[in-house]
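Welcome, and please open your viewer. We will go from one selection to the next, and at each stop I will tell you what to look for.

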Protein chains: 10
Amino acid sequence: MLFHVAMEVRLPPDMPADQANDLKTREKAMAQEIQRAGKWPQLWRVAGRYANISIFDVADADELHTLLSALPLFPYMDVRVTALARHPSAI
Amino acid sequence: MLFHVAMEVRLPPDMPADQANDLKTREKAMAQEIQRAGKWPQLWRVAGRYANISIFDVADADELHTLLSALPLFPYMDVRVTALARHPSAI
Amino acid sequence: MLFHVAMEVRLPPDMPADQANDLKTREKAMAQEIQRAGKWPQLWRVAGRYANISIFDVADADELHTLLSALPLFPYMDVRVTALARHPSAI
Amino acid sequence: MLFHVAMEVRLPPDMPADQANDLKTREKAMAQEIQRAGKWPQLWRVAGRYANISIFDVADADELHTLLSALPLFPYMDVRVTALARHPSAI
Amino acid sequence: MLFHVAMEVRLPPDMPADQANDLKTREKAMAQEIQRAGKWPQLWRVAGRYANISIFDVADADELHTLLSALPLFPYMDVRVTALARHPSAI
Amino acid sequence: MLFHVAMEVRLPPDMPADQANDLKTREKAMAQEIQRAGKWPQLWRVAGRYANISIFDVADADELHTLLSALPLFPYMDVRVTALARHPSAI
Amino acid sequence: MLFHVAMEVRLPPDMPADQANDLKTREKAMAQEIQRAGKWPQLWRVAGRYANISIFDVADADELHTLLSALPLFPYMDVRVTALARHPSAI
Amino acid sequence: MLFHVAMEVRLPPDMPADQANDLKTREKAMAQEIQRAGKWPQLWRVAGRYANISIFDVADADELHTLLSALPLFPYMDVRVTALARHPSAI
Amino acid sequence: MLFHVAMEVRLPPDMPADQANDLKTREKAMAQEIQRAGKWPQLWRVAGRYANISIFDVADADELHTLLSALPLFPYMDVRVTALARHPSAI
Amino acid sequence: MLFHVAMEVRLPPDMPADQANDLKTREKAMAQEIQRAGKWPQLWRVAGRYANISIFDVADADELHTLLSALPLFPYMDVRVTALARHPSAI
């Protein structure tokens, strides 16, 4: 099933650089692992914001929540999920 | 899969009573048919509003959209869908 | 009486793990105790968020507030309550 | 049980005066009947708006919804209900 | 003159218990003193929130602001005031 | 007592010019009469909008509501009232 | 360049069925033509709403606006455009 | 003085084509006349919307309002004005 | 030129009393100096909030911004500016 | 391609003056460098706020995001981007 996921990251500006870099490195690794598994087929940056718009392709909302809540940046994110259905005009 | 669905109905107050009654009768019939099929296990009225909060239990977002968009009152509704996952504290 | 309750949890990301774990453990225990008492019949996770949607079945708003405000995570929650009535189409 | 109810009335400005007056006359009669029954103990006008803020004292949300949805102006109202509990500092 | 006042309290969760208790004790004392003076005739808890809905009966907005801004919890509150007029249907 | 009043006018664009002009002429006459009576000491246009920001100086919220609800354009207005107190830094 | 486009359709419920069907047929034809041209690579239905979320791949905002404003349903749509950049974690 | 002006146009979709075209033709003529007078130095289309973002260079808010409220489409517009000051980093 | 300015002050509740008092004393002095210079002709307290509504009478937006951004409390304020034009019904 | 960019800066009021000054000095230098490169042709201060409204002229959203996210104040900014198209009435 496809979900549209909008993630907004709010890292405290005074977080030590080491901690921030570590979080981002682990986030990137996990994001790429999920992409390679075919469950995160689309990932774009929202221009001008520390935010992304993503498409997830998962079995159901349980799998989606498991993936999202395990992301290293999850405690710093505001995440909005939209359930997608097939569009009758899509080819 | 479970979805939380909030429906707000906005019938034009000047709709002829016959037309409104016909819509409501057909809406009720279809709502009860979907409930009997086990796909709409919870349906509550929001106190003070022509609105409901519902739980749907369907295969996926495609089935959900098919059911919702076939409701006779759908053209008069504002519908908000939230994907639900299992809660780790639920017994 | 039934109430729809939406709880959003906002734990500070820099809370020490011990403190957070203790809070969550006590929260879970109390949530399950209230469920077992039949007063919290439905509890779902909102996919992608540290949030839940719940149904409470209590005597009145006083009992509801007593239960909610005693939850260990209450000081970190934003809680929205909606009073539910019977829906005429519910079977 | 006490409920805080905020009602906002939106009559179409082009409704014929007869129809509007009839609605308002019947609304007033029913509002006063409910007040006399002790179920609508407080009713104030919001200054500058065709709106009121009310307190209802009813058995539960079912009775509240039955009363509100029977008001002649209900199809023209936006109604917001808030469940009230006893305040520990109230004397 | 009557004012509808909605107060939302936002105490920092990490405030020391002694400080919080002292604030709440002094808040309660002052709230009850104002009630006994007849200037705060209604005070309800909003179910599920650290918030109240109140009616104040004061000479004017100056007296209202003097009372509200002297409350011990005022620096932690978000307060919304609505001016109330007599409702033509009130009995 | 002083009130800050923001009025937004929403005339249907297809209202016949005669009707609109009549409304505006009567609105202007009444607005100037209230100003001359000293009860509407400030009246400004919000640049770019069919809206005004006003200060009313009236006995109380009842008088304010009586004045506002008698304006010919009242059925087409969205009105927001804010109660004003004396500012300690005002000279 | 990629744009995220959210379209919400608001057809008047009382539009004659012929007119609505004609609009939808022409909308579908044009949507599929743009997809076949490779400029509308993704198109999903938002579950429960007469709305879609789309990705457009066009030369620039001028081309995007030309395509969107020529859609037969454009006069009935609320459209929100978000400019997308490459995400550093995308593979 | 510079003002940032955001205009959103809401023509009723069922306005006869002749009337809409006449409005748009006159709007365009007046917009270009104001531009040639140097008072509307910037005018952009918001991609995907019947809306523009503009910069006006006028003597003051009175001149701005006179210009805007004389636009043929003004009765169909929602207009938001922001007063601009010189930025200390602008070259 | 006249501007409507709404200022909302958000002092951290845990700011040391000395620092807060110093800020407020300097704020008051500067506010009164600007008033005496005739550039801040109206200043009201919003009842129930640490906020004011003001009218400024200045040459242009540059002078307005210079005055506002020099206020000692400016770093703690949320400020909303509205450009005012003459109202055709003002006497 | 042109983008409308609204930047709102939220520096913590308790940031040490040295750190704030350093950030602002570097921000100004980089802003002027981008302006001199022709990629930031318009930059205005929003009167009364620590905010700006800007026009960027860049190749695409990737270049825009690269420029914005490299600004020294970026971690303290809320940035909103709007894609601009040519307006048919612009001369």
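Is I:Ala51 buried or exposed? Keep in mind as you look that this is a predicted model. Select I:Ala51 and show its surroundings: because its relative accessibility is 3%, under the 20% cut-off, I:Ala51 counts as buried. The residue belongs to strand S3 of chain I, which covers residues 51–57. Now add the residues that I:Ala51 touches beyond four places in sequence: I:Met7, I:Glu8, I:Trp44, I:Arg45 and I:Val46. Then pick I:Ala6, which sits 45 residues away from I:Ala51 along the chain. The C-alpha atoms of these two alanines are 7.4 Å apart.

**Next stop: a helix in chain I**

Stay in chain I and select residues 61–69, which form helix H2. Which residues of this helix are buried? Colour I:Ala61, I:Leu64, I:His65, I:Leu67 and I:Leu68, and you have them. Seen around the helix axis, they span an arc of only 165°, so they lie on the same side of H2(I). A bit of background helps here: an α-helix has 3.6 residues a turn, so residues three or four places apart point the same way.

What do those buried residues pack against? Within chain I, the partners are strand S1 (2–9), helix H1 (17–36), S3 and strand S4 (77–86). Two other chains also take part: chain H with its strand S4 (77–86), and chain J with its strand S2 (42–46). Show all three chains to see this packing.

Before leaving the helix, zoom in on its start. There, a side-chain oxygen of I:Asp60 comes to within 3.2 Å of the backbone nitrogen of I:Asp62.

**Across to chains J and H**

Select J:His4, which is part of strand S1 (residues 2–9) of chain J. The relative accessible area of J:His4 is 7%, so this histidine is buried. Which side chain does the side chain of J:His4 meet in a polar contact? Turn on H:His4: the two side chains make a polar contact at 2.7 Å. Chain H also supplies H:Ile53 as a contact of J:His4. From its own chain, leaving out neighbours within four places in sequence, J:His4 has contacts that include J:Ile53, J:Ser54, J:Ile55, J:Arg80 and J:Leu84.

**Strands in chain C**

Move to chain C and select strand S1 (residues 2–9) together with strand S3 (residues 51–57). The two run antiparallel and are joined by seven bridges. To find one pairing, click on C:Met7, whose bridge partner in S3(C) is C:Asn52. Now add strand S4 (residues 77–86) of chain C, which runs antiparallel to S1(C) and is likewise joined to S1(C) by seven bridges. Here, look for C:Phe3, which stands opposite C:Ala83 in S4(C).

With chain C still on screen, bring in chain D. A rotation of 180°, with 0.0 Å of shift along its axis, superposes chain D on chain C with an RMSD of 0.0 Å. The copies meet through the same surface, because 100% of the interface residues of chain D are also interface residues in chain C. Chain C does not touch chain F, and the nearest C-alpha atoms of that pair are 25 Å apart. Chain C has no contact with chain J either, the closest C-alpha atoms being 17 Å apart.

**Last stop: chain A**

Show chain A alone. How many helices and strands does chain A have? There are two helices and four strands, and from the N terminus they follow the order β-α-β-β-α-β. The C-alpha atoms fill a box of roughly 50 × 25 × 20 Å along the principal axes. Of the 91 residues in chain A, 56% are buried.

Select residues 1–89 of chain A, where an unreviewed UniProt entry places the feature "domain: Muconolactone isomerase". This span is 33% helix and 34% strand, and its end C-alpha atoms lie 18 Å apart.

Finally, bring in chain G. Chain A can be laid on chain G by a turn of 180° and a shift of 0.0 Å along the axis, with an RMSD of 0.0 Å. That is the relation of a two-fold axis. To locate the axis, select A:Gln42, the residue of chain A that comes closest to it, at 5.2 Å (C-alpha).

Terms used:
Residues are numbered from 1 along each chain as its sequence is written. Chains are lettered from A and ligands numbered from 1 in the order in which they are written. This is a predicted model: local features need pLDDT of at least 70, side-chain atom pairs count only at pLDDT 80 or more; totals for chains, interfaces and linings use all residues. Side-chain values use heavy atoms; hydrogens and water are left out. UniProt positions are given in the numbering used here, feature names are shortened, and annotations may be inferred rather than shown by experiment. Copies are superposed by least squares on the C-alpha atoms of residues with pLDDT of at least 70 in both. Buried means under 20% relative accessible area, exposed over 50%, partly exposed in between (1.4 Å probe, protein chains only). Contact means heavy atoms within 4.5 Å. The arc is that of the directions from the helix axis to the C-beta atoms. A polar contact is a pair of N or O atoms within 3.5 Å; within protein, one must be able to donate a hydrogen and the other to accept it, and residues adjacent in sequence count only if both atoms are side-chain atoms. Two strands pair if DSSP finds at least two bridges between them.
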